[in-house]
Structure formats: C-alpha cells, structure tokens
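The exercises below invite the reader to examine a protein model step by step. Each task is followed by a worked solution.

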Amino acid sequence: MEKVYREHILICAGTSCVSGGSLKVKDALVEELKRNGLEDEVLVETTGCNGFCALGPIMIIHPEGIFYKQLHVEDVPFFVEEHLIKGRVVKKHLFEEHKKKTLIPIMNEIGFFKNQILVALRNRGLIDPEVIDEYIGRDGYLATAKALQDMTSEQIVDEIYKSGLRGRGGGGFPTGLKWKFCMESAGDIKYILCNADEGDPGAFMDRSILESDPHAVLEGMIIGGKAIGAHHGYIYVRAEYPLAIERLNTAISQAKDYGLLGTDILGTGFDFDVELYHGAGAFVCGEETALMLSIEGNRGMPRPRPPFPAHKGLWSKPTVLNNVETYANISQIIIRGSDWFASLGTEKSKGTKVFALSGHVNNIGLIEVPMGTTLRTIVYEIGGGISKGKELKAVQIGGPSGGCLPESLIDTPVDYESIIKTGAIVGSGGMVVMDDSSCMVDIAKFFLEFTADESCGKCTPCRVGTTVLLNILTDISEGRGKHGDIELLEKLSEDIKTASLCGLGQTAPNPVLTTIKYFREEYEAHIYEKRCPAGVCKRLTPSPCQNACPVGLDVPSYVALIAHQRHEEALDLILEDNPFPSVCGRVCTHSCEFECKRGEVDSPIAIKDLKRYVADLMLDRVDHIKPVLITKKEKVAVIGSGPAGLTTAHDLIKMGYAVTVYEALPVAGGMMWVGIPEYRLPRNVLQAEIQAIIALGVEIKTNTKIGKDITISELKEAYDAIFIAVGAHKGRKLGIHGENQYEGFIDSVDFLRDANLGKREKPGDKIVVIGGGNSAIDSARVALRLGSSEVNIAYRRTRDEMPAAKEEIDAAEEEGIKIHYLVAPTRVVGSDNRVAGLECIRTQLGAPDASGRRRPVPMEGSEYVIPCDVIIPSISQEPEIAELTKDLNFKTTPWNTFEVDPNTLETNIPGIFSGGDSVTGPATLIEAIAAGQRAAFAIDKYFNGETMGWRYKSHRPKRLIEQIEVSEEEIDTLQRPKMSCLAVKERISNFEEVELGYSEQESVEDAKRCLRCDL
C-alpha cells in the first residue's frame, strides 16, 4: 500500500528558485525531518516553476496550500519546529499584500495567483518535471491517446482550427490554418518543429514551460505530427538553457520508455520521434525560415516567402513551426474540446496568454491570463501595483519588436487586435512595467541596440536602417540631438517597416515609433532642453536631486557648501533659483529627497531642512539689498502675489523691468499667507522673504481686486505685459445631501484664510474635516489650536494613499486628531438648522482608478455617524477667474483655468501670460515658483521678439565644490538628524512653530552624508 503523508512540501525547482538555493533548502529540510523523526509523516518534493519568480525559493505546504517565500537553509530548523511540529504558521515567510500590509497564507488567495487562469501552465508548481508518472497523473498523454486512436488528421486539424488558437510566438497566425496547409501539402516526408529559441530580453515564458512541464510540449508535437503527417520533430532550443535541455532530454527518454515516442505509438501504427537542436543564441533564428536554415547547418538568415514553410520548409519539405506555448495548449484542446478553449479570451483572440511580468512592479513572475484581460488588471491586480510607491509610466509589451504604452492606455485589453491598434504587438509575451524613473528615449535605444546587433544583415533596410536609427537615438541621449531628428526617426522607421525582409526588421522600429507617439515631450526635452526628465541619460543629467527639483536647484553644491561650513555661499547659490529659501525650507514637498541616492543606503539627505538652516541664518538679508536699476522701457503687471507671481516679479526686476504686483488680499503672499498656518510657516519668515523682493524695487498693491478695483483691460493699456498668477482660493463642493442646508459647514479654504488673517475664533466643539491632503491636515490642526475639543478627519482611502506629507500626518495623530480611514461621506446630519453629524459609509479598496490608486468601494450597510457641530470639507480647490475674464475674451478650460501656449505660457490675448494654479489647478509651492521663473523668461523673450524654446533652461550644477573628507569613524556614526519639535502640550493651544530646525552641527553632519552624485 502506498505510504500516506500528513503533509506534502512542494519546493520550486525552476531556474530562479534553484539559483536562490531551493535545492539546498530541500536537502536541509530532508535532514531536519530525519533529525526530528518526521520523515514518514512529511514528504518533500521538487516541482517545476511556481511562477512567482521574484520571491524564491518558494515552498507550498499541502493540503492547506500555504505559500512560503524566500526560505533559506538557515531558516529550516525554525520552520520545522514551528510549522511541522507545533502547527503554527511562520509569519516571517508569508506573502504580504503591498497596499494593505496584510499577510496572506493561502496561495490561491494571493492576488498574483487568484486572478490567473491556467491552460499552458496548468501543471505549474504541481509536478516534478523529471517524473513522467506525475505528468500522466495529471491527465498527461490522454490527448495523445485520443488523437492517435480516435481521431483522423482532418479531425485534429479541424478541432484546433475551431478552437481559435493562434500562434503564441508573436505573429498570432491561426494554428489550425497553418496545420491545414501543411496537412494538405503533398509529400511523404514532413517535419514539425518547436521554436524554443526565446530571445526577447526579459522573456522567460518558453524556458519556464520547458523546465516545468516538458511533456506538455512533447504531447503537443506528437498530436501535431499526427495532424500534418509528420514522423519527425525538432525542438530548436537555446544552448543557454541548460536546465531546459536537461529536462527535455529526460522527458524524451521517459516518453520513449513508455512507448509514447518512437515506433507504433500506443499500438496505433503511428511513428514519431523528436530531436533537440541546440541554437547558438542568434535572435534572428526565432524567424521560422532562419531557424530551418540553422537546423540544416547553414547560417540562420530569413528567406523570401512564398514558398511558405507549410509547402517548402525544412530540407524543402512541408513543415510546421510553432512555439513552446502553442504546443502546451494542444492537449487541453483535444481533451476538453475546441468550444471550451474558444470560450476563453475574446472574439478574435481565443484562449489564454502567458506573460513574463517584470520591471517596476511588486509581483514579478510568470502569469497566464485570458486574452482580453486589461493591462490594468495585470499591473495592479496580479502585479500588485508599482513598486516603491511610485507611479506607473509605461508598459513595454512585445519585446524588442513591441512597443511602450503609456499609463493613459492602462485599460487596453491585451489581445492581438487591441494591442496592434496601439502600435505595439503582443509578441511572445514579454511585459515590462516602468515607473517614472525610466527614460523612454533610453528604452527605445536599448531595444534598437539589441535589434541592430541581432540583424542578420541580409537586407539593407534592416542592416543599415536599424543602425542609423540607433545612431540618431544615441546622439539624442548624449546631447547631440537637433531639430528634425524626431521627424527623421519617424520617416526612417516607417521605411524600415515597409522594406525589411523578415519580422525582425519589420517590427524593430516599433519601440521608436511608440515612444515618440506617446512620449514625444521626452524626445523634445532631450533635443531642445538638453535634459533627460527621468535622469537616466548621463550626458544630460545632473544629480537625481537636482533633476527632481522643479526649479533645478543645484542641491549637491549647496549641500556641499554647508558641509564645508560656507553658509553664505550656499544661500547665494540657492537664491539664484529660489527667492523663497526659508519658506521652501519649511513647506516644500521636497521631491528631491524622494530621489536622493543616500536613501538607498539609509535615509535621504535632509535637503529641505538644510535649505532652511542656511536661509534662516541670513533672514535679515533685506537690510543689505539695494534696489535694482530699471534699464528696460517695458513695464509688467503681475496679478497675484503668491509664489508664482512674486517669483516672476523677482526675476523680471532683476532683468531690469519695472514690475507692479496687484493683490486682492490685504497682505502679500497669496496662498503662502492665507493657506499655510503659522505653526508651519511663521509670518515673520514669510514677511522677510517678501520684503527682500520689495527691496529690489517691486511694487505690491494689496487690497486691489482685479475686475472690481481695476480691470484687465485697464492694466493692458498701462502695461506692456501682464502675468496672471491667481491661486486656487475656491473650494470645491462635495456633492452630498445637506452640504448647503445647515450652519456649521465651512470650506477649508475659507476657514484657513480667516484663521491666517487673524480671525481666530473656535469654529465649534466637535469638528470633522473631510479629505486627505495637506489642507485637510492643516484645517484639523488649526481647529485644535483654536480650542475645538474633538477633531476628526474622514478619508476614503488608507494612510498609504493619503497625499498629505507623512510628517504632517504623524504630527496630527500625535496631537490627538483621530483619522478615520476608509470612510466616505454620504450626507450631512442636521438638527435645528445646524450641523449635528456627518454620516459616512465604510469603504474597501477595489480595482485601481485612473490615478493608479485603488478605488474606494462603499460597503453596503456600513453607514455610521460621526457626531460633530462643524464640518470642514477639504477635497480640492480651483482658481477664481470669473472676475478676471469678464472684460476680455479669454480661452479657458473646463477646470476653470486659463488655456495657454504650453511653451510660452501666453494666453490667447497677446501680451497676457498666465501660470501656476491659474493654469494647472492646485499645485505645490515649488511648482508655482518654477512656473514664475518660466513666465519671467517667456515675457523677456516676448519683449525682445525672440522665439522661446520648448523649455527655457537646463538643470546643471552651477558650482564645482570639492568633496569633503569624512573620516572612517564619522562614516559609521553619521545619520540623518531627527527634527526637534515643540512638545505636544506646548503647541496645541498656540500657533508657535512646531519644527525647531537644525543646529549648525546637525546641518553640517547631515550634509557630510551626501554621496555627491554630481561628481
């Protein structure tokens, strides 16, 4: 009687897991089981690839189906003790869902697995690929018996044809039709070939099937042989796949021993044998005619067609060639029927498709999904979203012959027809996910380097054309790009596609054409601005921190100057690009720190806080500023004294133009003054930096509302140019029942404006703020400081999705503000004409929406009320431009913003420009400063009659500061200083600044940590 075990441990022995030590883990497990006397209770076996390649070594425990990842030899004793002896799940090695941060023990409940349908990969992680009995135990070779014993060749071909199976090697030609052509070709000798020459960079679909389920491929070839009348087959496999070759040889030997290969298979009189041919790795040999020439012993080069291989192929005999995945589907179609297979997928793309999912995605591995599954499902549901919390930029599909599809096409179904419409192809199944750290020019160059190198050289369009494309891309990426290069790339690509002999040349330009089509602005940035937005192309890229800064601040240089204690020089360098260093040192969103390479070692340099330190040292610099001499005749009016308007005024007056700023509020500063509370931005700090601009000679007229006190038409008569930079001072409605019905419903914009202008009355006793941005956090913390006893925040997603700065969320929670995550407001509850509560419904995160974040889905019946007497919605803001536009016919957008020339920021009214929130909607402080810089540059070009380039300046280091020597003792002790803050009890009843800033020692020591990426 066969031994029965209480638990089966299946250890993945695919290439990835083996390289990670899975076989050593197996040996250690066997020894540990013996040591604990469990060898008769627990069976340990190896399987083929499990699919979740990034998490190897992988182990599955049956019958529960528990999934363990990254188990190593040193973990084995503890694992045996905990799981196999004490019966406790070992949490350390369980899968953790990235968004929810929850552990999922059962394999089939993990998103990576549960959203797949397996046909070609049906035996994934279940059988030992070197044991034929395990394949037979999973209905292996039943289809062979049926096809050989019960079906004619015509019936087999008809079944495959009706299934709608198309070749999975990239071309997508109907398999049944190809077999029919060959079956009907005259000749006693025919061949059936398997293309296992998988050469796409990043692709490992065929390799995995060969290593994990070689009998599925053999069975498909046997059935195909019977269908077309072939008695000999070749598997053309890359010599670089030693494990696949070893397991194929084992499978062929076992099949012969069982009478499933060779003569008189299963007593049916049908003879069939298979031979391996080791390819030398030439990519072009993936093309069918080149592959056949290679098997014949000739150089692998495509030949013109017709004649097609079905009539004249290998050794001029009728031949069928399909790839590994295609054959892996055949037996299932024969067993389960063509109707079953055709029920999967779309109308024209039937069945499933295997993809190698890789790149900047959390769950990397081999997947199989029905044709027509959207890219969104693959990236977010199966792939688990973008790694490191970044945003999706593109998906490269189809390998070097494919294309790069932008985030805007994330809902595209993955089938042959839909993908071709985008300019890409499905290909053999490579799928690379890219975040914003990827440069699309560099991606196109990478694939052109591959195809140009792999071109066989037979036809001129491919041999010469791909090289010329590559040379142009190289010039662009190295700063030698010129006007007309993009158009030349497009024209040459189309010519190569039309004139090339084989599929390699015909599809090689796809990466170029799709990246130009969807990411043209990146090519333009490389050519006209000499800048790589992603920071990849080294000749065009400053350090990552400077590249990430919207104003291109020379971060490494000023940090280095601080390390050298040359603080005044550091501030002078900052002021060249940013007139608000103390302000930004407190409230900037510091995108520079997210890109800081030091963060990959321990923690990023405190770039924002270092800026604050040196700027605060010289906050009284206004005393030393002399007015600028006005040298230009043109005068400029700026509407709005926020960061964009004041930056424009600052830059223009330094160019010699007279500038007057008009502000509707009683104070200058715009949203810096009325939108940011004093505990984050002290008014003396903001006032000092505004006074520094006034000291240059800029005139600011407050309490002057455009449209009421003076019209734009009147300004246009008095000034030579106007820059409109009004902030987003208008809150948006929630759209819920009761929001306009009860007293106690206050918009956050109005609430913060009143508080920041001195109206500091307690809004109510119990407050609920709706939203998750910095304005929502600010509103809650201000309400607390004004005396509200209970402050809540309602946010519809989790903390991870909250757009507010992490440090602000932390501070709010420290101060006792309760944040209700995963709740959405449904209605305002009122009593006696006053707010009495906010009804919310609990949500759970569903499929990602257009932003890439998972959409909050209401949970029916989960409504509850948060008691309150004041509700402060803080969901979004928009500019108020109605008064501005009433006397001139401005073009505006549906988002209540100005429509401007994307290059010059000029509106449709000549001489009137706009930027910042009034063009983009609510933006960050540093983005507004960048918009102001650009506007000043554009206005200067306008006055001088010059054409403004696509962008106005390149981000480049301004200084070369020597590397500071750091001793070995310091290297071990230097770490990012923790920001000193007022104690909670000392701050919640007043508006004193919470963050106290760094000392000189802390600043210098942190600056010394800089890796100096600029050198």
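Contact, as used in these exercises, means heavy atoms within 4.5 Å. The model is a predicted one.

**Exercise 1. Describe the surroundings of Asp1014.**

Step 1. Asp1014 is found in the segment after α40.

Step 2. Its relative accessible area is 19%. Buried means under 20%, so Asp1014 is buried.

Step 3. Setting aside residues up to four places away in sequence, Asp1014 touches Ser543, Pro556 and Ser557.

Step 4. The side chain of Asp1014 also joins that of Arg1012 in a polar contact of 3.0 Å.

**Exercise 2. Determine which residues of helix α40 are buried, and which helices they pack against.**

Step 1. Helix α40 covers residues 1000-1008, and its buried residues are Ser1003, Val1004, Asp1006, Ala1007 and Lys1008.

Step 2. These buried residues pack against α23 (555-563), α24 (567-575), α27 (607-617) and α38 (968-973).

**Exercise 3. State whether Arg987 is buried or exposed, and identify the polar contact that its side chain makes with another side chain.**

Step 1. Arg987 belongs to helix α39, residues 984-987.

Step 2. With a relative accessible area of 2%, Arg987 is buried.

Step 3. The side chain of Arg987 makes a polar contact of 3.2 Å with the side chain of Glu814. It also reaches the backbone oxygen of Leu982 at 2.8 Å.

Step 4. Not counting residues up to four places away in sequence, Arg987 touches Arg781, Arg785, Ala811, Glu814, Glu815, Cys981, Leu982 and Val994. Glu814 and Leu982, named in Step 3, are thus among the residues touched.

**Exercise 4. Analyse the open sheet of 5 strands.**

Step 1. The strand order is β18-β17-β16-β19-β30, and the pairing is parallel.

Step 2. β18 (699-701) and β30 (912-914) stand at the edges; each has a single partner strand, so one side of each lacks a neighbour in the sheet.

Step 3. From one strand to the next, the twist averages 20 degrees.

Step 4. Strand β17 (residues 658-662) is joined to β18 by 3 bridges, and the two run parallel. Thr660, for instance, has Glu699 in β18 as its bridge partner.

Step 5. Helix α37 packs on the sheet, where it touches β16 (635-639), β19 (721-724) and β30. The direction of α37 makes about 160 degrees with that of β19.

**Exercise 5. Identify the residues that touch the most other members of the largest nonpolar core, and the helix that gives the most to this core.**

Step 1. In soluble globular proteins, nonpolar side chains tend to be buried together.

Step 2. The largest nonpolar core has 94 residues, and those touching the most other members are Tyr558, Ile639, Ile712, Leu715, Ile724 and Leu884.

Step 3. Helix α37 (residues 925-943) gives the most to this core, with 10 residues.

Step 4. Leaving aside neighbours within four places in sequence, the contacts of Ile639 include Ile712, Leu715, Ile724 and Leu884. Other contacts of Ile639 are with Tyr662, Ile706, Ile722, Phe723, Ala725 and Val726.

Step 5. Another core, of 63 residues, lies apart from this one; among its members are Tyr327, Ala328, Leu344 and Leu366.

**Exercise 6. Find how many aromatic pairs the structure holds, and classify the pair of Phe52 and Phe95.**

Step 1. The structure holds 20 aromatic pairs.

Step 2. For Phe52 and Phe95, the ring centres are 5.7 Å apart and the planes make 45 degrees, and the pair is tilted.

Step 3. This pair links distant parts of the chain, 43 residues apart: Phe52 lies in the loop between β2 (42-47) and β3 (59-62), and Phe95 in strand β5 (residues 95-96). Both residues, Phe52 and Phe95, are buried.

Step 4. By contrast, the rings of Phe890 and Phe898 have centres 5.2 Å apart and planes at 70 degrees, so that pair is edge-to-face. Phe890 and Phe898 are both buried.

Step 5. Ring pairs also link Phe52 and Phe95 with Phe67, Phe112 and Phe113 in a cluster.

**Exercise 7. Place Ile104 in its surroundings.**

Step 1. Ile104 lies in strand β6, residues 103-104, and at 15% relative accessibility it counts as buried.

Step 2. Beyond residues up to four places away in sequence, Ile104 touches Phe95, Glu97, Glu109 and Ile110.

Step 3. Ile104 and Ile66 are 38 residues apart in sequence, and their C-alpha atoms are 8.8 Å apart in space.

Key. Residues numbered from 1 in each chain as written. Predicted model: local features only at pLDDT ≥ 70, side-chain atom pairs only at ≥ 80, totals over all residues. Heavy atoms only, no water. Buried < 20%, exposed > 50% of the residue type's maximum accessible area, 1.4 Å probe, protein only. Helix = DSSP H or I, 4+ residues; strand = E, 2+ residues; numbered from the N terminus. Core = buried A, V, L, I, M, F, W, Y, C linked by side-chain atoms within 4.5 Å. Polar contact = N/O pair within 3.5 Å; in protein donor to acceptor, adjacent residues only side chain to side chain. Pairing = 2+ DSSP bridges. Axes fitted to C-alpha atoms, helices over the stretch in contact; angles between N-to-C directions. Phe/Tyr/Trp six-rings, centres within 6.5 Å; stacked < 30°, edge-to-face > 60°.
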